[in-house]
Amino acid sequence: MNLKKINSQTMSVDKAWLLGLIAGDGHVSFRPSLRTYAVVIAAGLDEPLAREALRCVEVVYGLTGRVKKVKNCWTAFVYSKALVDDLRALALFGAHRWTVPATVTTSDDIKAHWVAGLVDADGHIAYRPKKGVRYVSIDSVNESGLRATQTLLASIGVDATIYKDRSAFRLVVGHREAFGRFAEIVPVRCPRKKACLSEAARTYTKRQRRRCEVDRIVPEIRRRLADRESYREIGEALGMSSEQVRSAARTHGVLGPGRGKGAIFQYLEKHWPEVERRIASGQTIPEVAAAIGVEPYTIQNGMKTRGLRVGVRKGLMTARSAELEALVPQIKALVEEGLSNPEIAKRVGHELTGQKVANLLCKHGIKRDPAVRWQNAGGHKGAPAADTDSVP
């Protein structure tokens, strides 16, 4: 297929991206003696990247190629002497020799697309939200090429730093403003890297905005915590994550009832007289918890671990036990009448159940008279037959 009539000095965004990609992971094969002219682009595990490279070759040069998986690496092949001659006229290629073409410095858009191609080839998007790590890096053994790339990035408002990493060099864009600017203007095309960069930039920008507005948000967080809203509910209302709300609350010493270490016990300390009064009156722990506005296990933990807790707990239990002990004579009389445990519980009241009545009977050794028991069985299966012997 004939090469399109395109001037080598004419640059488009697709051509700029293709040049950056070949500089990073491409190989321009030029062997006149063997009549071998080929452009090979290794895309690793990213098949869409290899196919995007072929699309750009077809758009820019009108040539077609093929994509093949070679040893688990998706690779694009294009064989054309005219293509190789055009690329060699624009820049040098090779791991140790690649350069930034002079023709890509004509506009900021062209520069950004060339950098995008280089990142798609040799770049790495680091995003570990739990550790707060976000940066873009480009590794290469070509220091002069990275220095030229650093200058190119600086011309479009992106600050980058170069570090020496053993036998190679690493260009890093990690500063917050530089990272945001990079994500905004550099159109990365590899789907995997594009999604990672987009998510990292989105969360990075959100965190920056919230830090700037934290003085306005903290009073609202304080008010909502006082209304006993959860961190998740507050985050949904303010457009933040629950972790961001919790971090802001801790940083500014804002603690709602039951939120934060020790806060729940401070809340119980304030309301403990009410808790004690309700339990002494015979209310159950779930009922007390619902009235106070906490979970039942919170009351239980407070009774176990709070100061004076043991003594108070014993006192509360003693008051309840004394109340039950006062009912024993009445329960014993009802047993002698032959009433069942559920009937006794219903007759006595005081939130008694049949099981509680049985426990009291067992504790005090109260036993039923078998004759009265079967007499009240009312013909229950298993009851002894009545004595039918008549008296003369």
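Contact here means heavy atoms within 4.5 Å, which is the sense in which a helix is said below to lie across strands. The model shown in these views is a predicted one.

**Figure 1. Helix H1 lies across two strands of a four-stranded sheet.** Helix H1, which spans residues 13-25, lies across S1 and S2 and runs at about 85° to S2. The sheet beneath this title is open and is formed by four strands in the order S1-S2-S4-S3, with antiparallel pairing. Its edge strands are S1 (26-31) and S3 (66-70), each of which pairs on one side only, and the twist from one strand to the next averages 25°. S1 is joined by six bridges to strand S2, residues 36-42, and the two run antiparallel; Phe-30 stands opposite Tyr-37 in S2.

**Figure 2. Helix H2 lies across S2, S3 and S4.** Helix H2, made of residues 47-61, lies across S2, S3 and strand S4 (73-79), and runs at about 15° to S4. This helix also gives the most to the largest nonpolar core, to which H2 contributes eight residues.

**Figure 3. A second open sheet has four strands in the order S5-S6-S8-S7.** The pairing in this sheet is antiparallel, and the strands at its edges, each pairing on one side only, are S5 (123-128) and S7 (161-165). When direction is ignored, neighbouring strands are turned by 30° against each other on average. Five bridges join S7 to strand S8, residues 168-173, and these two strands run antiparallel, with Asp-165 standing opposite Ala-168 in S8. Helix H6, residues 176-185, lies across strand S6 (133-140) and S8, running at about 70° to S6.

**Figure 4. The largest nonpolar core has 64 residues.** The residues with the most contacts inside this core are Leu-87, Trp-114, Leu-153, Val-173 and Phe-182. When residues up to four places away in sequence are not counted, Leu-153 touches Val-115, Val-158, Ala-160, Leu-171, Val-173 and Phe-182. Apart from this core lies another, of 15 residues, which includes Val-328, Leu-334, Val-335 and Ile-366. In soluble globular proteins, nonpolar side chains tend to be buried together.

**Figure 5. Trp-114 is a buried residue of helix H4.** Helix H4 covers residues 108-122 and holds Trp-114, which counts as buried because its relative accessible area is 0%, where the cut-off for buried is under 20%. Leaving aside neighbours within four places in sequence, the contacts of Trp-114 include Ala-16, Trp-17, Leu-19, Gly-20 and Ala-23, and also Trp-98, Thr-99, Val-100, Pro-101 and Val-104. Thr-149 and Leu-152 are likewise in contact with Trp-114. Although Trp-114 and Val-186 are 72 residues apart in sequence, their C-alpha atoms are 8.8 Å apart in space.

**Figure 6. The buried residues of helix H9 line one face of the helix.** Helix H9 spans residues 231-238, and within this helix Tyr-231, Ile-234, Gly-235 and Leu-238 are buried. Seen down the axis of H9, these buried residues fall within an arc of 100°, so they line one face of the helix. An α-helix has 3.6 residues a turn, so residues three or four places apart point the same way. H9 is followed by Gly-239, whose phi is positive, near 75°.

**Figure 7. The buried residues of helix H12 lie on the same side of the helix.** In helix H12, residues 285-292, the buried residues are Val-288, Ala-289 and Ile-292. Around the axis they cover an arc of only 100°, and therefore they sit on the same side of H12. The residue that follows H12 is Gly-293, which has a positive phi, near 100°.

**Figure 8. Two cysteines are shown in a structure that holds zero disulfides.** Cys-190 counts as buried because its relative accessibility is 0%, whereas Cys-196, with a relative accessibility of 22%, counts as partly exposed. The cut-off that matters for both is 20% relative accessible area, under which a residue is buried.

**Figure 9. The whole chain, for orientation, has 18 helices and eight strands.** Of the 392 residues in the protein chain, 42% are buried. Among the contacts in the chain with a separation of 6 or more, 61% are accounted for by residues 24 or more positions apart.

How values were computed:
Residues numbered from 1 in each chain as written. Predicted model: local features only at pLDDT ≥ 70, side-chain atom pairs only at ≥ 80, totals over all residues. Heavy atoms only, no water. Pairing = 2+ DSSP bridges. Axes fitted to C-alpha atoms, helices over the stretch in contact; angles between N-to-C directions. Core = buried A, V, L, I, M, F, W, Y, C linked by side-chain atoms within 4.5 Å. Buried < 20%, exposed > 50% of the residue type's maximum accessible area, 1.4 Å probe, protein only. Disulfide = S-S within 2.5 Å. Arc of directions from axis to C-beta.
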